Amino acid sequence: MSKNIDRMIADIEQEVAYTRHLIGRTKLAPKVMKVMASVPRDQFVPTALKPFAFNNGALSVGYGQTISQPYIVALMTDLLQLEAHHRVLEIGTGTGYQTAILAELAAQVYSMELIPELSEAADQRLQKMGYTNIITCVGNGYQGWQEHAPYDAIMVTAAAAFIPPALIEQLKAGGKMAIPVGEPHRHQELMLLEKDQQGAQQLQKILDVAFVPLKQAEDI
């Protein structure tokens with residue numbers, strides 16, 4: 001196991017070095033890399049794919065969904081610059097891997113998933129693993145989760161056709177949102193949206209990506 005984790009961390013570091021001119025950094029925060037090494041990715045993939053859990057690639061988890069490659073998980077987490085007191089909204093629970101990464105760094109994670117079976121399985125998995133600072137729900141990510149807003153950070157783990165206005169509204173002043181934007185099987189860009197203390201928005205393209213689409217209820 002340790003060798004697999006070491007290889008995964010080395011792959012992430014290599015990807016960061018390769019894309020440094022795009023992502024604007026030569027390394028990711030040590031606390032992010034520490035969490036990437038500590039959360040067991042093999043616990044979040046189907047049994048048949050466990051031998052590939054620590055490869056630096058996306059894996060299918062059923063229902064047309066994937067678990068993102070470790071480099072992208074680490075990069076998107078790093079972009080949010082999470083602090084221990086932060087409250088985070090995640091759109092797209094999936095199997096709960098990214099959720100667990102966020103929960104290791106923030107005070108509270110609220111995670112939404114449109115597919116009930118994935119949401120229930122992830123909730124059970126995360127509870128079994130001992131996470132007490134994660135609340136999940138089944139819902140439309142385009143609408144966000146107003147009940148717990150505003151959020152210090154928002155993570156979207158599927159490609160939206162546009163940046164949902166509801167998510168921008170639910171992001172706290174001074175907050176950050178990492179979101180892939182684009183159409184399925186077409187050009188997609190990982191974007192970082194930041195709000196300053198006055199609420200003005202700044203949008204930065206990070207790099208080209210390929211994500212499954214962020215769906216709404218009528219799409220399933």
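The structure holds 6 salt bridges, each defined as a side-chain nitrogen of Lys or Arg within 4 Å of a carboxyl oxygen of Asp or Glu. One of them is formed by the side chains of Lys31 and Glu83, at 3.9 Å from N to O. Because Lys31 lies in helix 3 (residues 30-38) and Glu83 in the loop between helix 4 and strand 3, this pair ties together parts that are 52 residues apart in sequence; helices (H or I, at least four residues) and strands (E, at least two) are DSSP runs, numbered from the N terminus.

The model is a predicted one, in which local features need pLDDT of at least 70 and side-chain atom pairs count only at pLDDT 80 or more, while totals for chains, interfaces and linings use all residues. Residues are numbered from 1 along each chain as its sequence is written, and side-chain values use heavy atoms, with hydrogens and water left out.

The sheet comes next. It is an open sheet of 7 strands in the order 5-4-3-6-7-8-9, with mixed pairing, where two strands pair if DSSP finds at least two bridges between them. Its edges are strand 5 (134-138) and strand 9 (201-209), each of which pairs on one side only, and the twist averages 15° from one strand to the next, with axes taken as lines fitted to C-alpha atoms, for helices over the stretch in contact, and angles running from 0 to 180 degrees between N-to-C directions. Helix 6 (residues 116-128) lies across strand 4 (108-113) and strand 5, running at about 165° to strand 5, contact here meaning heavy atoms within 4.5 Å.

Within the sheet, strand 6 (residues 151-156) and strand 7 (residues 171-182) run parallel and are joined by 4 bridges, with Leu171 in strand 7 as the bridge partner of Tyr151. The peptide bond from Ala149 to Pro150 is cis, with omega near 5°, and Pro150 is found in the loop between strand 5 and strand 6. By contrast with that parallel pair, strand 8 (residues 188-195) and strand 9 run antiparallel, joined by 8 bridges, and Gln188 has Val209 of strand 9 as its bridge partner. These two strands form a hairpin with 5 residues between them, and Gly199 in the turn has a positive phi of about 95°. A positive phi, near 60°, also belongs to Tyr63, a residue other than glycine, placed in the loop between strand 1 (59-62) and strand 2.

The pockets remain to be described. On a 1 Å grid over the protein atoms alone, a pocket is an open set of points, where a 1.4 Å probe fits, with protein on both sides within 12 Å along at least five of seven lines, and lining residues have an atom within 4 Å of a point. The largest pocket has a volume of about 400 Å³, and among its 31 lining residues Gln65, Gly92, Gly94, Glu113 and Thr157 lie nearest its centre. Strand 2 gives the most to this lining, with 3 residues. The second largest pocket holds about 160 Å³ of space, and its lining includes Glu15, Tyr71, Asp208 and Val209. Strand 9 supplies the largest share of that lining, 3 residues, and Val209, one of the lining residues, is also the bridge partner of Gln188.

Notes. Grid points are joined across faces, edges and corners, and a volume is the space filled by probe spheres set on the points.
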